[in-house]
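These are my notes from an afternoon with one protein model. I wrote down what I looked up and what I found.

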Amino acid sequence: MAKNDLPAPTLTLSNQEARRFMLAHHYLWPSQKLRGNDGILTIIKRLGCIQFDPINVVGRNTDLVLQSRIVDYNPSLLYELLYESRQLIDGWDKGASIYSVNDWPYLSRQRDAMPVYHAERSNEAMEIAPRILETIREEGPKSSLDFKDETKTDWFWAPTSLSRASMEILYASGLLGVHHKVNTRRVFDLIERLMPAEILTQEDPNNTDEEYHNWHICRRIGSMGLASPTTGEHWQGIRGVKTPKRKAALRRLVERGDVVAVSVEGLENQTLFMRSSDLDKLDAVKEKRAPNRKAALIAPLDNLIWNRKLIKNLFNFEYTWEVYKPKTQRKYGYYVLPVLYGDRFVARVDPAFDKKKKILTITNWWWEEGVEPDDAMLTALARCLREFSKYLDAVKVELGEIIKRDNLIGSLLD
């Protein structure tokens with residue numbers, strides 16, 4: 001094998017087997033079979049992390065991920081795990097994420113690199129960091145609003161106050177953690193007050209960069225189920241892994257039996273990777289003959305669809321999150337969610353939620369090309385919308401003006 005070659009596939013899946021394995025891996029075959037905090041921890045244990053995004057149209061991304069998998073999900077369940085029992089933690093993995101506190105020692109390389117990384121953007125914010133730490137040490141948890149600071153510095157999204165930038169650096173470096181949130185506003189405290197001492201004092205279990213790459217790449221494969229080795233956002237957040245090192249790690253993982261190289265019928269010249277520990281789920285979907293007649297609304301940053309190109313190839317479903325596109329350039333809408341039924345994406349929905357009136361509005365709905373809804377699909381979709389409405393604590397579900405005359409969509413609300 002040439003140095004930059006990938007291991008040859010030793011397992012071939014049909015397209016249907018690959019789709020169903022992906023969904024089973026993500027607890028979506030069938031959907032909503034887990035319950036409560038134990039269910040959330042089960043999901044995190046398998047997927048490693050769930051991506052966080054502050055935008056709240058019908059819930060934030062983390063809540064949308066969990067509502068499609070947890071029976072009777074309520075956001076208070078996640079809040080409890082993050083800020084009361086503290087079994088989960090806000091941090092950085094694939095972007096802003098939540099993950100188990102047990103993974104804290106393994107991610108030390110990212111945190112150690114942050115002071116240098118951020119100093120290149122704002123030396124001034126680095127300089128006031130000791131004062132921010134000392135204030136929190138003496139006075140307790142603080143948000144950036146507690147520091148009366150009108151001095152601005154350049155930052156990733158826009159100019160921001162020096163104190164806010166400094167707190168972001170301290171958070172990314174692992175010196176501050178999120179004590180609690182008020183909506184999306186984070187209130188920070190010293191990490192030693194939030195993290196169990198036995199975890200905080202652990203050394204990084206990976207002694208070398210190579211060992212770390214093995215760990216994080218294997219974990220990231222588990223975050224997706226089936227992983228493409230090609231460059232893309234699905235690999236972001238893994239420290240120091242460019243394509244050659246990623247391929248080298250994949251070769252090592254295959255050689256030692258932790259990962260299996262897979263081909264999928266119809267996806268020519270594409271090698272995918274899955275964890276060996278997940279092969280049992282593949283066997284289970286091969287044995288399952290009865291169709292899955294459940295539906296789910298999928299989060300825009302759901303782990304299942306991190307690799308949009310792979311989802312297009314496997315499911316024939318092309319999805320772009322258009323939230324950051326100008327309105328005139330959007331094909332569908334601001335916060336459109338994929339609609340899953342069985343082992344196919346059958347539609348897209350544009351929902352809106354009036355938090356004061358507690359009214360969920362189905363602003364628009366687009367069926368995928370070739371989908372012909374039957375009674376079983378419509379029944380499943382109607383149930384899905386009722387469950388989604390319950391998750392939002394909505395008192396009413398309405399149709400938007402665009403689709404009020406669509407009898408088929410209207411039937412889902414009857």
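**Entry 1: cavities.** I began with the terms: on a 1 Å grid over the protein atoms alone, a cavity is a set of points where a 1.4 Å probe fits but cannot get out, a pocket is an open set with protein on both sides within 12 Å along at least five of seven lines, and lining residues have an atom within 4 Å of a point. Grid points are joined across faces, edges and corners, and a volume is the space filled by probe spheres set on the points. I noted that the model is predicted, that local features need pLDDT of at least 70 and side-chain atom pairs pLDDT 80 or more, while totals for chains, interfaces and linings use all residues. Residues are numbered from 1 along each chain as its sequence is written, and side-chain values use heavy atoms, with hydrogens and water left out.

How many cavities of 30 Å³ or more are there? I found 2. I took the second largest cavity before the other; its volume is about 60 Å³. Its lining is made up of Ser31, Gln32, Gln67, Ser68, Ala295, Ala296, Leu297, Cys384, Glu387 and Phe388. Strand E13 (295-297) and H15 each give at least two of these lining residues. Helices (H or I, at least four residues) and strands (E, at least two) are DSSP runs, numbered from the N terminus. I sorted the lining of the second largest cavity by class and got 5 nonpolar, 4 polar and 1 charged. Here Ala, Val, Leu, Ile, Met, Phe, Trp, Tyr, Cys and Pro count as nonpolar, Asp, Glu, Lys and Arg as charged, and the others, Gly among them, as polar.

The largest cavity has a volume of about 100 Å³. Of the 13 residues in its lining, Arg86, Leu88, Ile89, Val178 and Leu194 are the closest to the centre. Two or more lining residues come from each of H4, strand E5 (88-93), E9 and helix H9 (191-194). E5 has the largest share, 3 residues. By class I listed 10 nonpolar, 1 polar and 2 charged residues for the largest cavity.

**Entry 2: a pocket.** I then looked up the second largest pocket, which has a volume of about 580 Å³. It is lined by 26 residues, and Asn56, Arg60, Asp63, Pro75 and Ser76 are the closest to its centre. Helix H3 (61-67), helix H4 (75-83), strand E9 (176-182) and helix H15 (375-392) each give two or more residues to this lining. Which element gives the most? H4 does, with 6 residues. The classes in this pocket lining are 13 nonpolar, 6 polar and 7 charged.

**Entry 3: helix H2.** I checked the length of H2 (residues 36-47). The expected span is 1.5 Å times one less than the number of residues. For the 12 residues of H2 that gives 16 Å, and the end C-alpha atoms are 17 Å apart, which agrees. In H2, Asn37, Gly39, Ile40, Ile43, Ile44, Arg46 and Leu47 are buried. Buried means under 20% relative accessible area, exposed over 50%, and partly exposed in between (1.4 Å probe, protein chains only). After H2 comes Gly48, with a positive phi near 85°.

**Entry 4: salt bridges.** A salt bridge is a side-chain nitrogen of Lys or Arg within 4 Å of a carboxyl oxygen of Asp or Glu. I counted 24 in the whole structure. Asp103 and Arg219 form one, at 2.9 Å from N to O. Asp103 lies in the loop between strand E6 (95-100) and helix H5 (108-119) and Arg219 in helix H11 (residues 209-224), so the pair ties together parts 116 residues apart in sequence. Are Asp103 and Arg219 buried or exposed? Both are buried. A network of salt bridges links Asp93, Asp103, Arg219 and Arg220.

I also noted Arg137 with Glu134, where the closest N and O atoms are 3.9 Å apart. Both lie in helix H7 (residues 129-139), 3 residues apart, about one turn of the helix. Arg137 is partly exposed at 40% relative accessibility, and Glu134 is partly exposed at 35%.
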